[in-house]
Amino acid sequence: MPQVLIVAHGQPGDPAPQQQAIEALAARIHVADAQVRGATLAMPGALDLAENETLIYPLFMAAGWFTRSELPRRLRLAGAPNARILPPFGSDPRLPALCLGLIAKAAEAQGWPPAQTHLLLAAHGSGRSRAPAEAARRMAASLAPHVAAASCGFIEETPFLADAARDLPAQTICLPLFATRAEHVTDDLPAALAEAGFRGLVLPPLGLAPEVPAMIAESIRAALSERP
């Protein structure tokens, strides 16, 4: 039976809750004749589940330093140097449509015409790689034609989220481009929005959208079908 491991970053200071969350997500990803499990980089020993034949699905928002360098390094240390790493969640070509659907549904619930609604994408950014910020900006560009304006704010690089959110109109939707609800979402994001006096609507992180488990399952099935 093929083995699949969904790998997220996790929370180094308190790894257990995020490890439990990724295991719960894995349990919702149904792929016939495959075993799907979850692991975080932060949980000691979690990657030991990986073997050379394991298919690795990175639950990350961009193909950056973690997916290109750190994850392969950690898999080598775990004794699975030849495990196949799929493109990360943030590279899924269906994500812009998912984002648009979430934004449209939220705007409709508020009685806001999307064409009159500002969109703020809250993202991680990085001091190590340009990939996370570039991915967020590509997403903003793809969504901009459907809203009044689209902008990005980052946790770890400029423009920082508190600056990007400052003086935005009350008719603004903030969509966090995060794969999980970890410390950046629970602590850093609300603190930055409070500092900015943000008056708009904040959605759950993208990775928690109800459509995500089925999207991941479809990506895994496609990858398994490509195996010789």
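These are my notebook entries on two sheets, the helices packed on them, and one buried residue.

**Ground rules.** I am working from a predicted model, in which local features need pLDDT of at least 70, side-chain atom pairs count only at pLDDT 80 or more, and totals for chains, interfaces and linings use all residues. Residues are numbered from 1 along each chain as its sequence is written, and side-chain values use heavy atoms, with hydrogens and water left out. I took helices (H or I, at least four residues) and strands (E, at least two) as DSSP runs, numbered from the N terminus.

**Entry 1: sheet with β1 to β4.** I looked up the strand order and found β2-β1-β3-β4, an open sheet of four strands with parallel pairing. I counted two strands as paired if DSSP finds at least two bridges between them. The edges are held by β2 (35-40) and β4 (84-85); each has a single partner strand, so one side of each is left without a neighbour in the sheet. Strand β3 (residues 55-58) runs parallel to β4 and is joined to it by two bridges. I noted Leu55 opposite Arg84 of β4.

**Entry 2: helices on that sheet.** Helix α2 (residues 65-77) lies across β1 (3-8), β3 and β4, and runs at about 140 degrees to β3. Helix α7 (residues 212-225) also packs on the sheet, where it touches β1, β3 and β4. Its direction makes about 145 degrees with that of β3. For these angles, axes are lines fitted to C-alpha atoms, for helices over the stretch in contact, and the angles run from 0 to 180 degrees between N-to-C directions.

**Entry 3: Thr40.** I then checked Thr40, which sits in strand β2. Is Thr40 buried or exposed? Thr40 counts as buried because its relative accessibility is 1%. Buried here means under 20% relative accessible area, exposed over 50%, and partly exposed in between (1.4 Å probe, protein chains only). I listed its contacts (heavy atoms within 4.5 Å). Leaving aside neighbours within four places in sequence, Thr40 touches Ala8, His9, Gly10, Gln18, Gln19, Ile22 and Ala46.

**Entry 4: sheet with β5 to β8.** The order here is β6-β5-β7-β8, again an open sheet of four strands with parallel pairing. At its edges are β6 (149-154) and β8, each with a single partner strand, so one side of each has no neighbour in the sheet. Helix α4 packs on this sheet and touches β5 and β6, its direction making about 165 degrees with that of β6.

**Entry 5: strand β7.** Five of the five residues of β7 (residues 172-176) are buried. Thr172, Cys174 and Pro176 point one way from the strand, and Ile173 and Leu175 the other way. Strand β5 (residues 118-123) pairs with β7 in the parallel sense over five bridges, with Thr172 as the bridge partner of His118. Strand β8 (residues 201-202) pairs with β7 in the parallel sense over two bridges. I found Ile173 opposite Leu201 and Cys174 opposite Val202.

**Entry 6: α3 against α4.** Helix α3 (residues 95-110) packs on helix α4 (residues 131-143) at an angle of about 60 degrees, with the axes 10 Å apart. The contact is made by Leu95, Pro96, Cys99, Leu100 and Ile103 of α3 with Met139, Ser142 and Leu143 of α4. These residues divide into seven nonpolar, one polar and no charged. The classes are nonpolar for Ala, Val, Leu, Ile, Met, Phe, Trp, Tyr, Cys and Pro, charged for Asp, Glu, Lys and Arg, and polar for the others, Gly among them.
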